[in-house]
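Q: Please take a close look at one part of this model, the sheet, and describe what surrounds it. A plain account for a first-year student is enough.

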Amino acid sequence: MKLKKIATQMILALPLATLAFSSAAMEKVTLKLAHNLDTSHIVHQTWAQMAKDLETESGGKMKLRIYPGGQMGGPRETLELLQNGALDMTKAMANELEAFTPAYSIFSLPYLFKSDAHFKAVIHGAVGKEMMEEIKQKGFFPVAAYVGGTRSFYAKKAIHSPADMKGMKIRVITTPTTIKFIELLGASPVSIPFGEVYTALQQGVIDGAENNEPSYVQTRHVEVAKFYSDNQHSAVPDYLIVSNKAWARLSDEHKAVLEKVFRKSEQNQMKAWDELVLESKKEAEKASATFIEVDKEPFRAALRPLYDEFKNDPARGPWITKVEEVAKEISQ
């Protein structure tokens, strides 16, 4: 019953773009996608496969040209290019979309999601679709959502509960939400460029940081912070963004093909991500890392004031309620 409800929710969220079409009647189209990820990143690899699928599904009539590695700038620059009609697609994290609508700010809230299934039901379901529509007036909108795992703390000492974090210096992505989040847990938030975290951990400038398991290993932070506390405080999706202008110039046949490859790319990326997380944990353990299972309830309790602040906010509160409703539907 639970799986049936989730599946129904996801189906309802998809546009009616599965109608039969003839590729012979389609005009040739080339779409440009620019992002700031390295070519080794799973999301880039997902899109490289999506480009192949797009060409196959369209009978060679549609092509996707990808510009990786920040060739056209970071998310702010590429989003501006979308608004100006100079670029068709880009990548953005949810917290990079906060400036355009408060809907996406809810992903900054720790412990918003009850489980991985809850998170996926939101971003791929009716609520996720509604959030995608919400931002269209800005000149672009998301057309696909991708998982990025959960972020947890890793440090030079074991963290079992908020009490262990008292007085610790933790590197975080600096936003008003993350600053308050760390302070409520009794630690001090530290703003350090991501590329300097390894040295800062090594020299004791900071005591810990937070990220998902693949990043923990790929950055080699596992070498200087041997304790990974699996507290799973946040989950932030990546989005494939398309410009309104690019979407408007496409025919219904073009859009039908794109919708098909978008959905396939989401499934491919989720599978690849889960495999990478398992592989990363094995690599970390080989490097003598210790993974700590923690009771999440003390963390949730400490962060309740932040949750209440979001819930009582007139712009963000309604979105929190919608996310909570999805959790209830899953549990029934």
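**The sheet and its surroundings**

A: This is a predicted model. Helix 5, residues 126–134, lies across strand 4 and strand 10. The direction of helix 5 is at about 150° to that of strand 4. Both of these strands belong to an open sheet of 5 strands, in the order 2-1-3-10-4. The pairing within the sheet is mixed. The sheet has two edge strands, strand 2 (62–67) and strand 4 (140–146), and each of them pairs on one side only. On average, neighbouring strands of the sheet are turned by 30° against each other, if direction is ignored.

Consider strand 10 next, which covers residues 238–243. In the order of the sheet, strand 10 stands between strand 3 and strand 4. Strand 3, residues 89–93, pairs with strand 10 in the antiparallel sense, over 5 bridges. Strand 4 also runs antiparallel to strand 10, and 6 bridges join these two. One residue helps to place the three strands: Val242 in strand 10 has Met89 opposite it, and Phe141 also stands opposite Val242. As a general point, side chains in a regular strand alternate between the two faces of the sheet.

Strand 4 is an edge strand, but is it buried or exposed? Buried means under 20% relative accessible area. In strand 4, 7 of the 7 residues are buried, so this strand is largely enclosed by the rest of the structure. Helix 5 is one of the elements that lie across strand 4.

The next subject is the nonpolar interior. The largest nonpolar core has 85 residues. Tyr104, Phe107, Tyr239, Leu240, Leu258 and Phe262 are the residues with the most contacts inside this core. Tyr239 and Leu240 fall within strand 10, which spans residues 238–243. Helix 10 (residues 252–286) gives the most to the core, namely 8 residues. Another core, of 16 residues, lies apart from the largest one, and Ala200, Ala209, Val222 and Val224 are among its members.

Charged pairs complete the picture. The whole structure holds 22 salt bridges. One of them ties helix 10 to a distant part of the chain: Glu57 forms a salt bridge with Lys260, and their closest N and O atoms are 3.1 Å apart. Glu57 is in helix 2 (residues 42–57) and Lys260 is in helix 10, with their positions 203 residues apart in the chain. Glu57 has 30% relative accessibility and therefore counts as partly exposed.

Back at helix 5, Lys129, Glu133 and Lys136 are linked in a network of salt bridges. Of these, Lys129 and Glu133 lie within helix 5, which spans residues 126–134.

Another salt bridge joins the side chains of Glu325 and Lys328, at 3.4 Å from N to O. These two residues are 3 residues apart in helix 13 (residues 317–331), so about one helical turn separates them. Glu325 is partly exposed, with a relative accessible area of 35%, and Lys328 is also partly exposed, at 46%.

Terms used. Residues are numbered from 1 along each chain as its sequence is written. This is a predicted model: local features need pLDDT of at least 70, side-chain atom pairs count only at pLDDT 80 or more; totals for chains, interfaces and linings use all residues. Side-chain values use heavy atoms; hydrogens and water are left out. Two strands pair if DSSP finds at least two bridges between them. Helices (H or I, at least four residues) and strands (E, at least two) are DSSP runs, numbered from the N terminus. Axes are lines fitted to C-alpha atoms, for helices over the stretch in contact, and angles run from 0 to 180 degrees between N-to-C directions. Contact means heavy atoms within 4.5 Å. A nonpolar core is a set of buried Ala, Val, Leu, Ile, Met, Phe, Trp, Tyr and Cys residues joined through side-chain atoms within 4.5 Å. Buried means under 20% relative accessible area, exposed over 50%, partly exposed in between (1.4 Å probe, protein chains only). A salt bridge is a side-chain nitrogen of Lys or Arg within 4 Å of a carboxyl oxygen of Asp or Glu.
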